[in-house]
Amino acid sequence: MKIWNRNKYAALFLLPYTVLFLTFVVSPIIYGFVISLHKWYILAPHPTYVGIANYAAVLKDDLFRIAFMRTAFFVIMVVPAGNALSLLLAVGLNQDYKGTTFYKVAYYLPVLTSVSVVAILWRWLYSTEFGLLNYYLTKIGFALHTMAPAIFSGNWTVNWLSSTKTAMPSIALLSVWWGAGGNMLIYLAGLKNVPKELLEAAEIDGCTPFQRFWAVTWPLLKPTTLFCLVMSVIGSFQVFGQTYILTGGGPYYSTLTVILYMFQQGFSQYQMGYASAVGYVLFAAVLVFTILQFKMLSVKK
Amino acid sequence: MGKQKRKPISVRHAIAQIVMTLAAIIMLSPTAWMISTSLKQESTVLSAVPQWLPDPVTFENYTKLFTQAQDFPVFRWLANSMFVSMSVTLLVLFVASSAAYAFSRLEFKGRDTMFMCVVATMIIPSQITLIPVFLIVQKLGWFNSYYGLIVPGLAGGFGVFLLRQFFLSIPVELEEAAFMDGAGPIGIYWRIILPLAKPALAALAIFTFIGSWNDFAWPLIITNDMNLRTLPIGIMIFQGRYTTEYGITMTAAAVCTLPIIIAFLIFQKRITEGIAMTGIKG
């Protein structure tokens, strides 16, 4: 294949993607940074250059600090719980029991729903008076109360989204339900790559299933685990739709997340420069976390 | 010979099956509740004891949803979602496969550097560039247009990455034979590579379609015309009006979800294979 003018053909094949890539991926990264150095009120005629003033303001902003801490709280709840659940479900599927396809579809189904469907659905499930969760909790609470009144109080009603204490955990719970199936399939692909001979050898040596998992599967699964953890951290730091639709950041900023704050600054206050700076600070934080995870999980090899 | 420690396995087996079934019930029940509610009469939606199976089954919520078109153009939203997701899917297949072909088969200066750039940008959180992309699209005059909804979604690196990896696994000998018969790069791409890459293309198509269908943040900011909203945004607006009329809001949610569930059930195998295909082995 030496006769073609390679560069000409390469240009032909690459042209559509290159144009898109430069316009919607590369230039936004640079342009976004430029915007963040300006006071960029979208309705004003000209943005004014302000240097790093936006960044200084973001780092001093109490609401940004709250948003960052609340987002970190969300990440700490969702990433470990979500990954543990995904891995457990994948281990279950990997046994190839009867009905595995059904289980797989059932666990994966929530991933297929749009965030607005998830939010509409869970708003009702979480409703204090009309929600299914409180209905069943009340039933269980009442049953336990009649059995052992000394230990259990009868009132098990939870104010899910309307109390500052439970709002973020509620968002985390629905997010785990929503996303567990995605990582599950990746863990399952990783488990399928563990050589059967190794597992059989361990079984012959008299390992219990748990020992086999710990000594053979877990070390071999490490790259998969690292990938899933990194992707879930990046994804969870960007939590937006759930809080935007369900709580709008409330009550009392308890579910204010960074991207939601960025969105409010950009599209409600029209402060594009400030909002871009918020985005870049979050990007820096996510980058640091990603590098830390790589360091922590790959050194032990 | 006959006794191969069957007994402990069967006990474990039974427990595992029970746990997995319980997990399946928990994972399915919110979606099942949504669909069940959409088929209920209004009087049974908020019954004192939750009714998991609608009795009687009725489609009145669905007819109500689509006939309130003056207030909420639900049908238009459905059509918009279909049009946008299908366009994005078809265009991604074309754009990503041709770029992947160049990255895997044609030799040119700076090829690997360019590819590394594409891969590197995949790590950047997409929401962070929301504002600059919005401003760029606005400058192109694409605010409130199908272009604005469709074109920025074509630039992601995932498809290029997935297809390049797959193309690399196709043996070069096949192309050499076609080359001997006088085929050029375009012919080889069209007649050899694309047909052989069908499984990867199918996986990419379904991922792209689901992602586009469910997308929320981007269509939320790039449109504000009621007639250009996609379903996920539309049903959120819809829900704002009918906050406690659960029958009709669950129907709207079901209309948004059912096409994807059906597509998933048809292509279930492809999706699972596709994820294995991305080759995350470290």
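These are my notebook entries on two chains, A and B, of a predicted model.

**Entry: chain A**

I began with the secondary structure of chain A, and I counted 13 helices and two strands there. I then looked up how far the chain extends, and along its principal axes the C-alpha trace spans about 70 × 65 × 35 Å. For the radius of gyration I noted 24 Å, whereas a compact globule of 301 residues would have a value near 19 Å. On burial, I wrote down that 43% of the 301 residues of chain A count as buried. Among the contacts in chain A with a separation of 6 or more, I found that 68% join residues 24 or more positions apart.

**Entry: chain B**

Turning to chain B, I found 14 helices and zero strands, and reading from the N terminus I met α elements at every step. The radius of gyration is 24 Å, well over the 19 Å that the globule rule gives for 282 residues, so I recorded chain B as more spread out than a compact globule. Taken along the principal axes, the box that the C-alpha atoms of chain B fill is roughly 75 × 75 × 35 Å. I noted 39% of the 282 residues of chain B as buried, and in the contacts with a separation of 6 or more I saw that 75% come from residues 24 or more positions apart.

**Entry: one helix pair in chain B**

I next asked myself how H4(B) and H8(B) cross. Their axes come within 8 Å and cross at roughly 50°, and the two helices are therefore oblique to each other. I also noted that H4(B) passes H8(B) in a right-handed crossing. On the side of H4(B), the residues that meet H8(B) include B:Val92, B:Ala96, B:Tyr101 and B:Phe103, while H8(B) brings, among others, B:Val160, B:Leu163 and B:Phe167. When I sorted the residues of this contact by class, I had ten nonpolar, three polar and two charged.

**Entry: where the chains touch**

Last, I looked up which residues form the contact between the chains, and I listed 66 residues from chain B and 68 residues from chain A. Several helices of chain B each supply at least two residues of the side that touches chain A, including helix H1 (6-38), helix H4 (74-105), helix H11 (198-214) and helix H14 (246-277). I marked H4(B) in particular, since I had already met this helix in its crossing with H8(B). By class, I noted that the side of chain B that touches chain A has 49 nonpolar, 15 polar and two charged residues.

Notes:
Residues are numbered from 1 along each chain as its sequence is written. Chains are lettered from A and ligands numbered from 1 in the order in which they are written. This is a predicted model: local features need pLDDT of at least 70, side-chain atom pairs count only at pLDDT 80 or more; totals for chains, interfaces and linings use all residues. Two residues are in contact if their C-beta atoms, placed from the backbone, lie within 7 Å. Helices (H or I, at least four residues) and strands (E, at least two) are DSSP runs, numbered from the N terminus. Ala, Val, Leu, Ile, Met, Phe, Trp, Tyr, Cys and Pro count as nonpolar, Asp, Glu, Lys and Arg as charged, and the others, Gly among them, as polar. The radius of gyration is taken over C-alpha atoms; the globule rule is 2.2 Å times the number of residues to the power 0.38. A residue is buried if 20 or more other C-beta atoms lie within 10 Å of its own, exposed if 12 or fewer, and partly exposed in between; C-beta atoms are placed from the backbone. Axes are lines fitted to C-alpha atoms, for helices over the stretch in contact, and angles run from 0 to 180 degrees between N-to-C directions. Angles under 35 degrees count as roughly parallel, over 145 as roughly antiparallel, 65 to 115 as roughly perpendicular and the rest as oblique. A crossing is left-handed if the near helix is turned anticlockwise from the far one by less than a right angle, and right-handed if clockwise.
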